[in-house]
Amino acid sequence: MSVILEAKDLTVRFPMPRKSLFAERQHLEAVRSISFQLEKGRTLGIVGESGSGKTTAAMASIRLTGPATGAVEFEGEDLFTLDDEAMRKRRADIQLIFQDPYSSLNPRDRVSHIVQEPLDLLEIGDEASRKARVEELFKLVGLRPDQLNLFPHQFSGGQRQRISIARALATNPKLIVCDEPVSALDVAIQAQILNLLAKLQEELGLSYLFISHDLGVIRQVCDDIAVMYLGRIVEQASRDELFTNPRHPYTQALLAAAPSLARRKSSGAKRPQQLKGDPPSPINPPPGCAFAERCPLAEAVCKQMPPPLENGVACHVANR
Amino acid sequence: MSDSATTTTAEAQSPLREAWIMFRRNKPALVGMAILSLIILATLYGAFIFTGDAYDIVWAPHEPPLVTPEFPLGTDYLGRDLVAGLLTGGAPTLAVGAAAAAITMVIGVAVGALAGFFGGWVDNALMRFTEFFQVLPALLFAMVLVTLFTPSLTMIAIAIGVVSWPQTARLTRAEFMKIKNLEYVTAARAIGAKNGRIMWRVILPNALPPLIVSATLTVGVAILFEAGLSFLGLGDPNTMSWGLMIGSNRADFLEAWWPVTFPGVMIFLTVFAVSLIGDGLNDAFNPKLRER
Amino acid sequence: MALLEINDLKVEFGTRYGPVTALDGVSLEVEAGETLGVVGESGCGKSITALSVMGLIPSPPGKIAGGSIKLGGEELIGLPDKRLRQLRGSDMAMIFQEPMTSLNPVFTAGDQIAEAIMLHQDVGKAEAFNRAVELLDRVGIPEARRRASDYPHQLSGGMRQRVMIAMAVSCQPKVLIADEPTTALDVTVQAQIFDLLNDIQRDFGTAIIMITHDMGAIAEMADRVAVMYAGKVIEQGVADDILDNPKHPYAQGLIACIPALGKGDAGRPPPLAEIPGVVPPLHLLGEGCAFADRCAHKYDACAKAPVLGGDTAHPVACHASAEARI
Ligand SMILES: Nc1ncnc2c1ncn2[C@@H]1O[C@H](COP(=O)(O)OP(=O)(O)OP(=O)(O)O)[C@@H](O)[C@H]1O
Ligand SMILES: Nc1ncnc2c1ncn2[C@@H]1O[C@H](COP(=O)(O)OP(=O)(O)OP(=O)(O)O)[C@@H](O)[C@H]1O
Ligand code: SF4
Ligand SMILES: [Mg+2]
Ligand SMILES: [Mg+2]
């Protein structure tokens, strides 16, 4: 299997506004030196709590966020060293689906134009063939041709997400970054979209970088999974491994906390393990393991030294 | 919201036609359109029907309206016909208003868009520049400009444009800063759109509603500004305009109200009509208000 | 007689398509110490039901067009504003989905809770503030006294929701309505909030109406469940019955389409079960079963609206189910 996207030591630091004129400028390290590989035709999931840096990591890895350091290779080509024009051309291969079906489509554009725009911009085909392609895409994602001339607000959330998918597919991309594509949808609609994404992957041989905070969704669509906590990857494993044998205490806590049909009030079922508190602030993160404050297994060393990612898990205790 | 397109059938129509259909539904905007059309028609063609020279002294000064049938609106302090004055003075007044609004929009939108879109030092530099113009006392600055150069209508329009763009710039900047972070802008980037396209094709159309409103207000403000300059005796004395009529007759307002009031009413009607049309345009170009 | 009884509630909204019926004959009841889960797709009327109980339907455009809501035997519909205000906060309270916007940004957490206490109880400022601190401690906020003087923006989402809960339970209401209280929160925090709500119920015997679209949350929280669709209750019963043996095709689909969380095994999970289509907009609802367009079991009887009936312990509004065709 060949690797389509590889991130090495990816770090993103956002400068914070100065507190006062003379105060030192603080930085927020949203993503801290993460590395991952996405294999062709597979789905790499990134899961983690709000603010853990999932979106920033994904955007940085396709060069859509500003100040990133490290390296990202797409099909062996370093994206960070490409000039702007070459990167623009490359975008045909890398597409994006967002979380919010309401703000990800330009409200003043007709949906047919929204889907056709990537073709116009990258000058693919002539006007007639672009139009034909748009109709074909509409069919592919399950929309009707008579809806081509409507505006985004005339669609429901799930239908808008289909439009986003059609737009993302327009240029025949190889990689699609899906940033929580179903988080804003009802479960019934979520199932439709997840099935559609799986079908498209099968038919078109797509690779997905798939972000979600819902472990059920992650398990449904991802082959490999990276768990993020406060800007770092704390565990990385295949789906089977992660769900049968989660090793990082944070992964275990996430699995334990996820609501489940099996845990019934009637039978007095209790969650096995309960995390206290919230994640620490990404400005001035703690020196040791970021999870130490909340971790049931924490030892003295955890508060002093950041655990390295070894054998797919970044935990002093689990790696012993 | 329970909006769903499953049951809508879409008739394909050209965007302009659709906008016109929307505009037509807006009664106040149609009224505005009617008023403005009448005013424009009158200023363009009125002189052919009502032949009289606005600059000629034709009667005794301060003839009240509705007394002499030949001069239904009376005469001014020199004995010039007011109807002729209103008809001749309309075109320059409207031209000054429109030109000044155009200048304001072009400078204001360009500066605001660049500042809001790029942020950082570009924003800082442009905003300092804008503030400089904003703290200038507008009227004083326009007076200086007009006195330094010849007080022609062109100069007046430029002077008004130059002092009134900062507001538009601030408004544009705020809209751009808000919209540039929305996901559809990132989406445009992700399909390889260049900055210019993102600014003009993606962000600007979405920033338009408040800008259209502000542009129509600017037309009004510019007309009033021109009146103000004329009122201070700084208008172009060789070109009849409603502002000039008010300016030159102001001293005798207590003796004769009509030479000041009629041009005033015309200015009011124009500004009113323009703002109704602005509202209508705003709605017409907003797809969200269109029938599902 | 149950603590809270909603009977045949009808709510209408004036829209540009004319009046639409957002709630069409909703009947629910909750006993003291019990949690009723209300589930359904976005727009089906869950929040409107909750707001009707609180007397907070935005009017216009909304209006209660019929039915009755009784709290401890007292009819709430048509009650004068003054009496409603008394009841709100003291007998019934509500927590909202968005903990970011439901607290007032210019007052401290402690002050807002103290304010709520003083509104209903005859205590002084200092006393109320001390009670607020106790409550914050009770809902699991560490260093409650210090946190009490924090402003909402200084608190995390989870802590804000705790503050909301503290405020809601400050006068030990008989009924607590939680409208998607954890949708905006992370799962680990959501688990904490669920436990807190369960604790409060155990300690005070509070009746809880838990609105959610998450069947997992229903399993963990609810004793009984009402499933809503397009302004109607279409199935109702004990939580275990609904989860293990749903009768309405919609309820069946809703449960089947959840991605399972079990252990991973080799290969990809099979595609999820789907409910095709979307909820029809209210103004386009016809005569028949509102679910018919999306239903695999539809037959000619479905052209007429089914009524909630059958087994009194587990009623369902579906022709196919009533005639045992499913
Ligand atoms: N443009 C920005 N400037 C400054 N800080 C930012 C910016 N974008 C993100 N951050 C910060 O970086 C951190 C990671 O944010 P990110 O959006 O990547 O998280 P996430 O895991 O995607 O969260 P969510 O689940 O809420 O989408 C957060 O603390 C966020 O506040
Ligand atoms: N102010 C209003 N004007 C018109 N219709 C309204 C208004 N508020 C609500 N509705 C309609 O009432 C119906 C029920 O809305 P409600 O907010 O109760 O849905 P919900 O089940 O809480 O959905 P969600 O899961 O999205 O919160 C919706 O179809 C909505 O369109
Ligand atoms: S009544 Fe008919 S259409 Fe409605 S859910 Fe039952 S079977 Fe389906
Ligand atoms: Mg995100
Ligand atoms: Mg709701």
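## A tour of ligand 2 and the C–A interface

Start at ligand 2 and select the residues around it: C:Phe13, C:Ala22, C:Ser42, C:Gly43, C:Cys44, C:Gly45, C:Lys46, C:Ser47, C:Ile48, C:Pro61, C:Glu180 and C:Leu282. Keep in mind along the way that you are looking at a predicted model.

**Stop 1: the shell by class and by element.** Colour your selection by residue class, and you should find six nonpolar, four polar and two charged residues in the shell around ligand 2. Now switch on the cartoon for chain C. Which helix gives the most to this shell? Look for helix H1 of chain C, residues 46-54, which contributes three residues.

**Stop 2: polar atoms around the ligand.** Show side chains as sticks and pick C:Ser42 next. An N or O atom of the C:Ser42 side chain sits 2.5 Å from an oxygen atom of ligand 2. Move on to C:Ser47, where a polar side-chain atom is 2.6 Å from a ligand 2 oxygen. Then select C:Glu180: the distance from an N or O atom of that side chain to an oxygen atom of ligand 2 is 3.2 Å. Before you leave, try a surface view of the ligand. On its own, ligand 2 has 640 Å² of accessible area, and the protein covers 72% of that.

**Stop 3: out to chain A.** Zoom out and show chains C and A together. How many residues take part in the contact between them? On the chain C side there are 54, and they touch 44 residues of chain A. The size of an interface is often given as the accessible area lost when the parts come together. Here the buried area between chain C and chain A is about 4,200 Å², with carbon and sulfur atoms giving 50% of it. To see where chain C loses the most area to chain A, select C:Glu220, C:Leu261 and C:Arg268, which together make up 17% of what that side buries.

**Stop 4: charges and polar pairs.** Select A:Lys265 and C:Asp223 as a pair. They form a salt bridge, and their closest N and O atoms are 3.2 Å apart. The count between chain C and chain A is four salt bridges. Across this interface there are also 20 residue pairs in polar contact, both partners being at pLDDT 80 or more.

**Stop 5: the helices facing chain A.** Finally, highlight helices H7 (187-204), H8 (215-221), H9 (239-244) and H10 (249-256) of chain C, the elements giving two or more residues to the side that touches chain A. H7(C) gives the most, with ten residues. Coloured by class, this side of chain C shows 27 nonpolar, 14 polar and 13 charged residues.

Technical notes:
Residues numbered from 1 in each chain as written. Chains lettered and ligands numbered in written order. Predicted model: local features only at pLDDT ≥ 70, side-chain atom pairs only at ≥ 80, totals over all residues. Heavy atoms only, no water. Contact = heavy atoms within 4.5 Å. Buried area = accessible area lost by both parts, 1.4 Å probe. Salt bridge = Lys/Arg side-chain N within 4 Å of Asp/Glu carboxyl O. Polar contact = N/O pair within 3.5 Å; in protein donor to acceptor, adjacent residues only side chain to side chain. Helix = DSSP H or I, 4+ residues; strand = E, 2+ residues; numbered from the N terminus. Nonpolar A, V, L, I, M, F, W, Y, C, P; charged D, E, K, R; others polar. Near = heavy atom within 4 Å. Areas by Shrake-Rupley, 256 points an atom, 1.4 Å probe, with all protein chains shown as cover.
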